[in-house]
Amino acid sequence: MCIIRLLCSNIKVTAMREKPKLGQPLTTKEKSRMCLYERMSYYQDQEKDQAFNPTNSVLLVRISFKNIRRFSKVFEAPFDFGCFDLMQQTATYLLNTFKAKYAHVGVSEITMVIHGTEKTPLEYGGKKQKLVSAVTSSASTYFSLKLAESRDIDELYDRGVYPAFDVTIFRVPNRTETGNALLWAERENTKKCIIAISNSLGINKDIDNKTFVDRIRIIKEVHKYDWDNINTKFKNGIYIKRKKIHLESDDFSKYVIEVQPESFTNSSIDERNKRIFG
């Protein structure tokens, strides 16, 4: 009788034992109770299940062409119109694929805004790791395909050199900070523009400790580089918007991509919000 009672007691304790809470390290006692499969699943789930609110989040997605220097023989220095067009095509593809609202396109980076709402919830339930991997693979694959169509890059591909994109996703708290984040992306693009010119002139090491204002002055006055007449898409980048339009003739709606070349620099907070969310 005592043995039966003891067995029943053990079964009850096992059934009532709670799973360890995600985000907390396992205690020695918890480890001893878990088999190998349970422990590895627990470690995996700590990262896998991190998610943004799929119906109430504004996400900023930074997509950087991290190995662009390895394509120096393919793209003209310091700026290449073909490369910029490929970045714009890739941004357009990503906007449509992930139902994003808006994006800044720079010489080597795309900054995309995804707004999760009740009508258009975030892909993959907002799970962070899935979003990062999906955006990374989509950007790298699409850019690689389009690059192969437009340039002779067999030699690079034969050596295993492919375009690689690095992706970071984070949540911004409100619409004002969304506009500020895109302004930040535009200013970062201008810095990259200055660095690209400095590299092409072979003076980057000489002016490495200078402010970017001083770098522009040296480029213009000392090296007589025509900074003022550089195409604004290289200086500031451009903005593209995924916009819904209603076609009265066919009585249905569709999405189109609208290009906005105007800078955010001199625009007010309200103007930025209208451009992004209007």
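This is a short tour of the model, stop by stop, with something to select at each one.

**Before you start**

You are looking at a predicted model, in which local features need pLDDT of at least 70 and side-chain atom pairs count only at pLDDT 80 or more, while totals for chains, interfaces and linings use all residues. Residues are numbered from 1 along each chain as its sequence is written, and side-chain values use heavy atoms, with hydrogens and water left out.

**The whole chain**

Start with a cartoon view. The protein has 10 helices and 6 strands; these are DSSP runs numbered from the N terminus, with helices being H or I of at least four residues and strands E of at least two. Of its 278 residues, 38% are buried. Here buried means under 20% relative accessible area, exposed means over 50%, and partly exposed is in between, with a 1.4 Å probe and protein chains only. Among contacts (heavy atoms within 4.5 Å) between residues at least 6 apart in sequence, 66% join residues at least 24 apart.

**Stop 1: strand β1**

Select residues 57–65, which make up β1. Because 9 of its 9 residues are buried, β1 is largely enclosed by the rest of the structure. Show side chains and look at each face: S57, L59, V61, I63 and F65 are buried on one side, and V58, L60, R62 and S64 are buried on the other.

Now add the neighbouring strands. Two strands pair if DSSP finds at least two bridges between them. β1 pairs with β3 (109–116) in the antiparallel sense, over 8 bridges. Another 8 bridges join β1 to β4, residues 165–172, again antiparallel. R62 is a handy landmark: T111 stands opposite it in β3, and T168 is its bridge partner in β4.

**Stop 2: P54, in the loop before β1**

Step back to P54, in the loop between α3 (36–48) and β1. Is P54 buried, exposed or partly exposed? Its relative accessibility is 27%, so P54 counts as partly exposed. Add G116 to the selection: the two are 62 residues apart in sequence, with 5.4 Å from C-alpha to C-alpha. Leaving out residues up to four places away in sequence, P54 touches G116, T117, P121, L122, G125 and G126.

**Stop 3: the enclosed spaces**

Turn on a cavity display. On a 1 Å grid over the protein atoms alone, a cavity is a set of points where a 1.4 Å probe fits but cannot get out; a pocket is an open set with protein on both sides within 12 Å along at least five of seven lines; lining residues have an atom within 4 Å of a point. Grid points are joined across faces, edges and corners, and a volume is the space filled by probe spheres set on the points.

There are 2 cavities of 30 Å³ or more. The largest has a volume of about 60 Å³. To find it, select H104, G106, S108, E109, T111, A185, E188, N189 and K192. The elements giving two or more residues to this lining are β3 and α7 (175–201), and α7 gives the most, with 4 residues. The lining divides into 1 nonpolar, 5 polar and 3 charged residues; Ala, Val, Leu, Ile, Met, Phe, Trp, Tyr, Cys and Pro count as nonpolar, Asp, Glu, Lys and Arg as charged, and the others, Gly among them, as polar.

The second largest cavity holds about 30 Å³ of space. Select F98, K99, I114, H115, T120, P121 and L122 to see its lining, which has 4 nonpolar, 2 polar and 1 charged residues.

**Stop 4: the largest pocket**

Next comes an open space: the largest pocket has a volume of about 660 Å³. Its lining has 23 residues, and those closest to its centre are I68, R69, P78, A196 and N199. Two or more lining residues come from each of α4 (81–97) and α7. Which element gives the largest share of this lining? That is α7, with 5 residues. By class, the lining has 13 nonpolar, 5 polar and 5 charged residues.

**Stop 5: aromatic rings**

Finish with the rings. Rings of Phe, Tyr and Trp (its six-membered ring) pair if their centres lie within 6.5 Å; planes under 30 degrees apart count as stacked, over 60 as edge-to-face and the rest as tilted. The count comes to 13 aromatic pairs. Select F81 and F234: their ring centres are 4.9 Å apart and their planes lie at 70°, so the pair is edge-to-face. This pair links distant parts of the chain, with F81 in helix α4 and F234 in helix α9 (residues 232–235), 153 residues apart. F81 is partly exposed, at 46% relative accessibility, whereas F234 is buried, at 3%. For a last selection, take F65, F71, F75, F143 and F165, which form one aromatic cluster.
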